[in-house]
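Open your viewer, keep the selection box at hand, and follow along stop by stop. What should you select next, and what is there?

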Amino acid sequence: MAACRLVSWCLTVFTLLFLFCYRITVATDEIEVCTSRFWFNYRHVANTLSVYRSVKRLGIPDSHIVLMLADDMACNHRNPKPATVFSHKNMELNVYGDDVEVDYRGYEVTVENFLRVLTGRFPPSTPRSKRLLSDDRSNILIYMTVPLISNSFCRYNELLFIIDTCQGASMYERFYSPNVMALASSQVGEDSLSHQPDLAIGVHLMDRYTFYLLEFLEDIHPASQANMNDLFKVCPKSLCVSTPGHRIDLFQRNPRSVLITDFFGSVRKVEITTEPVKLIPNISEKDEKLTEEVMLTEPQKYVEQMPVAEIIHQIYFGTFERYWIGKFHGVSRISPEVRISKPYQTILFGGSVYKNSYRRGLSRGE
Amino acid sequence: MGLLSDPNRRRALTSLVTRLNTPLCVLCYLVGVSWFMGLAFEPFMLRTYMSENAMGSTMVEEKFVFGERAISYTREFAGQKKKTGGMPVDWLVKTMKSRGLEVYTQSFSQTLPFPDEVKERYMVRGTNVYGILRAPRGPRTESIVLSAPCSEGNNNNQAVGLLLAIASYFRSQIYWAKDIIFLVNEHDLIGTEAWLEAYHDVNMTGLRSSPMQGRAGAIQAALSLELSSDVITSMDVALEGLNGQLPNLDLVNLFYAFCQKTGVLCTIQGKLQRNDWDTLPGYTHSLSTMLLMVLKQGSGHPQGDHGLFLRYHIEAVTMRGINSFRQYKFDMTTVGKLIEGMFRKLNNLLERFHQSYFFYLMPSLTRFVSIGYYMPAFGFLALILVLRALDLWVQLSDPARALEDGVSEGEQDSSPSLLSLATPVIICHLTGLALYFLPVLSQEMAIQHFPVSETEAVVLTAIAIYVAGLALPHNTHRVLSGAGTERGWRSLKLFSLLYLAVLLGCTTLINFSLGFILAVTMIPVAAFIQPHRSSKVLHGVALILVSPATTLLLSIYLYHELIEYPVSLLECWQHFLTAVSQGILDHHLYGSLLYPLLALFIYPCWLQFWNIVFWK
């Protein structure tokens, strides 16, 4: 029964662009995204919120987390315990609580917004809570793959993908960016299964892989020395029913030397020094120059659609867009009809004014 | 050259069709009938499964424990019903209001075309009482209905009692996303029809009703409850609706899943499931269950109050509690848990039922036959008509060949005029029109001249017109001269065969059971009749045996055999008369299409064949 349901859920995942659940965590900056709608996908929101809780416990503050939830389970009419989302029946742990900060909600959770968050292409008016403020020293963790994040924008140092979905291994097969490590809950041709139902609420609460992953993470504290090899062994086939897999060939370091807290926690290295450090000179002048620039710019018009096509051109200098979209989805099962719609293409010729404003946006906020 | 345009090849094909016509027809018939019989064989059937994702499995915790409260409501309701002599509207309104529902009443009145002797009513006046439980946090856009009929005597008191107990329990829960309407309707089907028409603001059957004051949004599903005892031994589910429409299979699967969970014995067509499908008794058991469903669906009569909801695209079933002589009984609490579980799952629905099948046959509660599997049975039968028509076409286009086959000599006319072909057709259809309109319109005249009641007058008029139609061929031939030629009857037969094929095809698409029953009986005889002097009597008798009226008689007989309550010939005839009157009443009261179809289309078509047998 659960398998049948998940098969159809998986088909929905692959055919409908907006219904897959994924989470991106940056070690110092984190994005939590869940795009699963409808009451019977309660467990995906519970998954996301549980991992959010775990990661917060390991030290990443809310100011560095962008949380995207596509549907409101806590306040759904069918929730017999309103304002709560439970992930574990026996522990009765309310992962929603009263200090959850949701930055993107409901219909704001779209592929376009997600790409904006990843690539930093925001309109100037976007509040800081909706931005991913990472740089070339951040470690990025992605829970379900959005494989096409290249390092050309100096957006990340190392990338860890964790995928909890059916046929998860197919997502990481297409990666080619450097410094990427990937874990998946199931191989190609297998389904990922849900874990436990709650009879009072009437839905499944968690998926198996995430459940055992979180059990593992419960034992991790900020000073833990557990490494990636332990993470690979998190859910054996006897518990998960599907066969989890991983990919480490693109990663430069040995997984044994990579600590879990490199990705899941916010561990700041402290260097003690007795010598004075010279700060950047003329910092006050630079500030004034920046504000002057802001005053002198003419009002920019916000173009309607995200210039994804422009990103393509900047990334690949003319690579054909369908190839990009194919790579973006990572699986050939995505129908080829899913592509950028026409308005995006027209923006390509939108003019240099727009291009410049975006460049400026990049250099300012990072 | 193409296959059909090359004259040699064409001649070869046509000779093949004419030579092998009879064996092919016989083969098709045998294949069609055995295909249908094979549908009940378990390895050929699919297991039922839940298609709707939103409903999921039965994982929900039922907490209903108020069986005793239901019984006390039952006693009160029975007392009040006896006191008021009908529906205790005020008591119901007061009780529902005290339980926290928004209560509204709706009064309606309907005049039947003639008095209904089965239920003894003529001018029906009644009131429906319904209470709406508003979803605590939801928008008021969708709703689910739980209905219990207020019947005469001591029937269905427990249904109303349980409905009230469930209403008070549901009121204290906060997880409802849809409004729930608790409906107590009077005069069963007429009351339900009045409520539905007023709710959806349509007027299809000439009912007069007071305006609807309270609404709850679009109805997603409905459950009709019939309980007449404090304890039950099993729960029966009735599926067939008006004009043979069926609810979505997911609703039936939901019922079965929760019966399994609460441990209640569940039956369909009153029969329990058996596990020995590979033995002959096991096979005949599932075959008889399927045949019962076919007969009920073919009659087009709604088998419960739910049958009228289906027309508005509201999936509904009727659940009947049966108290037989089994030892293990289930109390009201268990039935309440069953209903609670089903409602909690219906609550999770995001859209109307649309994932599972709408056209199916059920030889048992866990097995079903979908339309893709049962349609070929009819397809083979329709093929017989096409083959015969092809044969006739070939004969008509090649007169020399016709003379070889035909018995008559001489009289090699040109093709018969359109008049001589159209005349029998028009006269037959006029007879059909008379059969449709006259019985109801002329009942007053009939009462004046004969000492019969109105119902009997209507039924006997219908039968009289039916039989009078048999005398037609002798009369039409006197009117038209020179109409009796070989080509004449062949063209009439060709037209009739194609007409029958189209009729039965269209009927089968909407109501497979009705189409199949008519096809199995009429098609072989229609294909083989010929107006030859020697075998005229034989053909005539064969045709009478498959006429719609005889088919109805035989179906009633078969139905009583299958429910293991066999009837004698006289009782069968009484049932037949009742069925005719009920058919006419159903048509006027609820818009059932069986009587118009038979009177206006099938009967004239059959009369055309009758004309052919007596062709001179």
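A residue is called buried here when its relative accessible area is under 20%, and exposed when that value is over 50%. With that cut-off in hand, and keeping in mind that this is a predicted model, we can begin.

**Stop 1: chain A as a whole**

Select chain A and colour it by secondary structure: you should find 13 helices and 10 strands. How much of chain A counts as buried? Of its 366 residues, 52% do. The surface that chain A exposes comes to about 17500 Å², and carbon and sulfur atoms supply 57% of that area. Now turn on contacts within chain A, keeping those between residues at least 6 apart in sequence: 67% of these join residues at least 24 apart.

**Stop 2: salt bridges in chain A**

Stay in chain A and show the side chains of A:Asp249 and A:Arg247. They meet in a salt bridge, with N and O 2.8 Å apart. Are the two partners buried or exposed? A:Asp249 is exposed because its relative accessible area is 55%, whereas A:Arg247, at 17%, is buried.

**Stop 3: two charged pairs in chain B**

Move to chain B and select B:Asp116 and B:Arg121. This pair also forms a salt bridge, the closest N and O atoms lying 4.0 Å apart. B:Asp116 is buried, with 5% relative accessibility, and B:Arg121 is buried as well, at 11%.

Next, pick out B:Asp391 and B:Arg388, whose closest N and O atoms are 3.1 Å apart in a salt bridge. Where do they sit along the backbone? Both belong to helix H10 (residues 371-397) of chain B and are three residues apart, so about one helical turn separates them. B:Asp391 counts as buried at 6% relative accessibility, and B:Arg388 is buried with a value of 9%. For a larger arrangement, jump back to chain A and select A:Arg53, A:Lys56, A:Asp62 and A:Asp99, which salt bridges with shared partners join into one network. Over all chains, the count comes to 18 salt bridges.

**Stop 4: a buried charge without a salt bridge**

Return to chain B and select B:Glu186, in strand S5 (residues 179-186). Which side chain of opposite charge is nearest to B:Glu186? It is B:Arg121, 9.2 Å away; B:Glu186 is buried yet has no salt bridge. You have already met B:Arg121 as the partner of B:Asp116. Show what surrounds B:Glu186, setting aside residues up to four places away in sequence: B:Met87, B:Phe108, B:Gly126, B:Thr127, B:Asn128, B:Cys150 and B:Gly191 all touch it.

**Stop 5: two surface patches**

Switch chain B to a surface view and select B:Glu117, B:Glu120, B:Glu152 and B:Glu456, which form a negative patch. Zoom in on B:Glu120, found in the loop between strand S2 (102-116) and strand S3 (121-133). B:Glu120 counts as exposed because its relative accessibility is 71%.

Now select B:Leu3, B:Leu4, B:Leu13, B:Leu16, B:Leu20, B:Leu24 and B:Leu27. Together they make a nonpolar surface patch with about 600 Å² of accessible area. Helix H1 (7-19) and helix H2 (21-38) of chain B are the elements that give two or more residues to this patch. B:Leu4 lies in the segment before H1 and is exposed, with a relative accessible area of 58%.

**Stop 6: two buried leucines**

Find B:Leu435 in helix H12 (residues 418-441) of chain B. At 6% relative accessibility, B:Leu435 counts as buried. Beyond residues up to four places away in sequence, B:Leu435 touches B:Ala462, B:Ile465, B:Tyr466, B:Tyr595, B:Ala599 and B:Tyr603. Draw a distance from B:Leu435 to B:Pro596: the two are 161 residues apart in sequence, and their C-alpha atoms are 9.2 Å apart in space.

Finish with B:Leu597, in helix H21 (residues 594-613) of chain B. B:Leu597 is buried, with 16% relative accessible area. Leaving aside neighbours within four places in sequence, which residues does B:Leu597 contact? They are B:Thr507, B:Leu514 and B:Ile602. For a last distance, connect B:Leu597 to B:Ile384: they are 213 residues apart in sequence and 22 Å apart from C-alpha to C-alpha.

Methods
Residues numbered from 1 in each chain as written. Chains lettered and ligands numbered in written order. Predicted model: local features only at pLDDT ≥ 70, side-chain atom pairs only at ≥ 80, totals over all residues. Heavy atoms only, no water. Patch = residues over 30% accessible without salt bridge, like charges linked within 9 Å, V, L, I, M, F, W, Y side chains within 5 Å. Areas by Shrake-Rupley, 256 points an atom, 1.4 Å probe, with all protein chains shown as cover. Lys, Arg positive; Asp, Glu negative; His and termini not counted. Charge placed at Lys NZ, Arg CZ, Asp CG, Glu CD. Helix = DSSP H or I, 4+ residues; strand = E, 2+ residues; numbered from the N terminus. Buried < 20%, exposed > 50% of the residue type's maximum accessible area, 1.4 Å probe, protein only. Contact = heavy atoms within 4.5 Å.
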